[in-house]
Amino acid sequence: MVKVDYILKAEYVLTMEDSSEPLIDGAVAVDGDRIVTVGPADVIDKEYSASSVIDGGRGVIMPGLINTHTHAAMVYFRGMADDIPLKTWLEEHIWPAETKWLGNEFVRDATELACLEMIKSGITTFNDMYFFGDASAESVHKTGIRAVLGAGILDFPSVAASTSDEYFDKAEEFIGRFIDDPLVTPCIAPHAPYTCSPDTYRRAVKLAEKYDVPLHTHLSETEWEVGEIRKRYGKTPVKYLEDAGALDERLLAAHCVWLSDEEIEILARYNAGVAHCIMSNLKLASGIAPVVRMLNSGLNVSFGTDGAASNNDLDILNEMSTAAKLHKAVSGDPTVLNARTALLMATKYGAKALRMGDRLGSIQEGYVADIIVLNLNKAHLTPIYDVYSHMAYSARASDVEYVMINGRLVLNGGDPVFCSEEEIISRANRWAEKIKG
């Protein structure tokens, strides 16, 4: 028999290959950081022996969920400023709070809370846009999650940098430190067309090309933004990015709420990725992104939570369920964004958006072992006729029992392996007391 590190078993295995049916009474063998094989449990038991066996029983094994847009450290601002428009929220509440509190200690502690929340909800990879990336990376390594960490770029001074050159110098140093890291993928993250000039985007593109890293930005999030870019430059935000040379397969654009059919076709032509952040868009009344038209155009659309300050949680299962239902209502067509498509957006499409589709987002031989196991033996998940339906419309973060990232178990029976939940929550409450004054 072939010796492996882990064998994971459950009633259902969802490989998330596009046309695959659920594997009943299946198993996955893992050795090191890789998936060795997937198949019927009785076959794998005959061919492999494992140091550890995880029996999910009446559960489902599937690829880890991928959060393609967030601001992890903003979890410490959760609930600080609710029920107001985005521009007011940013300029009068969030930016002043960031100016007062942001630093390495704040970002490290807050990101650790965000990583804990994401791991417990089945997220194995997140794509971040923020500052003090080394502090975020420290929490990523401590908790064992996988992350694409974007070095934030602005055209005005902040606590992170005073000049454009300082933003870019820090970004390049950060990229150099983490370019070969097994868990952290560095990224360049110009904030948005209304906060970054064409020259800033051109410079960001050159840096992304130099190191072959992703470029992550907000795009067409609000109607105000579209009007503002038209007023400043006489073009839409998509054309603005196209003219700045920022559209290609490296680009992951968050939100994309206010897009015309022409702009959707432009993004699809360049093979850009989109992070659909339905909960944040609804809460801030930013609008509803034309996701069905995007998908029909061939544009790769995934799910992002945005930051917990505007969502107010980091739960991709919640994003998936809300999006799948809402787009049926707004389109008047109950067949659009079906359960399987929604689940692909949360896994395989997310990996593709982060340029990791050759190793993440599905369960298959040779792929990295980023795997989650959910308990289906729950009242709200009984009976089962279609497991895809349950995952898209009924599953909750609390159903996640095991999380494996890079071949390491980071959540075991619902408990974090490498960090103390009690300590993280206690530290967050101490920060909240300081922030409240």
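Helix α3 (residues 104-120) packs against helix α4 (residues 133-143) at an angle of about 35 degrees, and their axes are 8 Å apart. The axes are lines fitted to C-alpha atoms, for helices over the stretch in contact, and angles run from 0 to 180 degrees between N-to-C directions. Helices (H or I, at least four residues) and strands (E, at least two) are DSSP runs numbered from the N terminus. The crossing of α3 past α4 is right-handed; a crossing is right-handed if the near helix is turned clockwise from the far one by less than a right angle, and left-handed if anticlockwise. On the α3 side the contact (heavy atoms within 4.5 Å) is made by Asn-104, Val-107, Arg-108, Thr-111, Glu-112, Cys-115 and Ile-119. On the α4 side Ala-135, Ser-136, Glu-138, Ser-139, Val-140, Lys-142 and Thr-143 take part. By class, the contact of α3 with α4 has five nonpolar, five polar and four charged residues. Here Ala, Val, Leu, Ile, Met, Phe, Trp, Tyr, Cys and Pro count as nonpolar, Asp, Glu, Lys and Arg as charged, and the others, Gly among them, as polar.

This is a predicted model, in which local features need pLDDT of at least 70 and side-chain atom pairs count only at pLDDT 80 or more, while totals for chains, interfaces and linings use all residues. Residues are numbered from 1 along each chain as its sequence is written, and side-chain values use heavy atoms, with hydrogens and water left out.

A second helix pair is α12 (residues 316-331) and α13 (residues 339-346), whose axes come within 10 Å and cross at roughly 145 degrees. This crossing of α12 and α13 is right-handed. Ile-316, Met-320 and Ala-324 of α12 meet Ala-342, Leu-343 and Ala-346 of α13. The contact of α12 with α13 has six nonpolar residues, no polar and no charged ones.

**Nonpolar cores**

A nonpolar core is a set of buried Ala, Val, Leu, Ile, Met, Phe, Trp, Tyr and Cys residues joined through side-chain atoms within 4.5 Å. Buried means under 20% relative accessible area, exposed over 50%, and partly exposed in between (1.4 Å probe, protein chains only). The largest core has 127 residues, and Phe-77 and Phe-106 have the most contacts inside it. Helix α3 gives the largest share of this core, nine residues. A second, separate core of 17 residues includes Val-30, Tyr-367, Ile-371 and Tyr-402. Apart from neighbours within four places in sequence, Phe-106 is in contact with Ala-73, Tyr-76, Phe-77, Trp-101, Trp-431 and Ile-435.

**Salt bridges**

Side chains of opposite charge can pair when their charged atoms come close. A salt bridge is a side-chain nitrogen of Lys or Arg within 4 Å of a carboxyl oxygen of Asp or Glu, and the whole structure has 30 of them. The table lists three.

| Pair | N to O distance |
|---|---|
| Asp-109 and Arg-108 | 3.3 Å |
| Arg-146 and Asp-370 | 2.8 Å |
| Glu-166 and Lys-170 | 3.3 Å |

Arg-146 lies in strand β8 (residues 146-153) and Asp-370 in the loop between α14 (348-353) and β14 (371-375), so their salt bridge ties together parts that are 224 residues apart in sequence. Arg-146 is buried at 6% relative accessibility, and Asp-370 is buried at 7%.

In the pair of Asp-109 and Arg-108, Asp-109 is buried, with a relative accessible area of 3%, whereas Arg-108 is partly exposed at 27%.

Glu-166 and Lys-170 are four residues apart in helix α5 (residues 164-178), and are therefore separated by about one helical turn. Glu-166 is partly exposed at 27% relative accessible area, and Lys-170 is partly exposed at 40%. Elsewhere, salt bridges that share partners join Glu-112, Lys-142, Glu-423 and Arg-427 into one network.

**Two single residues**

Ile-44 lies in helix α1 (residues 41-47) and is buried at 3% relative accessibility. Not counting residues up to four places away in sequence, Ile-44 touches Ile-7, Ala-27, Val-28, Thr-37, Val-38 and Gly-39.

Asp-5 lies in strand β1 (residues 2-13) and is partly exposed at 32% relative accessibility. Asp-5 and Ala-50 are 45 residues apart in sequence and 5.2 Å apart in space, C-alpha to C-alpha. Leaving aside neighbours within four places in sequence, Asp-5 is in contact with Val-30, Asp-31, Gly-32, Ala-50, Ser-51 and Ser-52.
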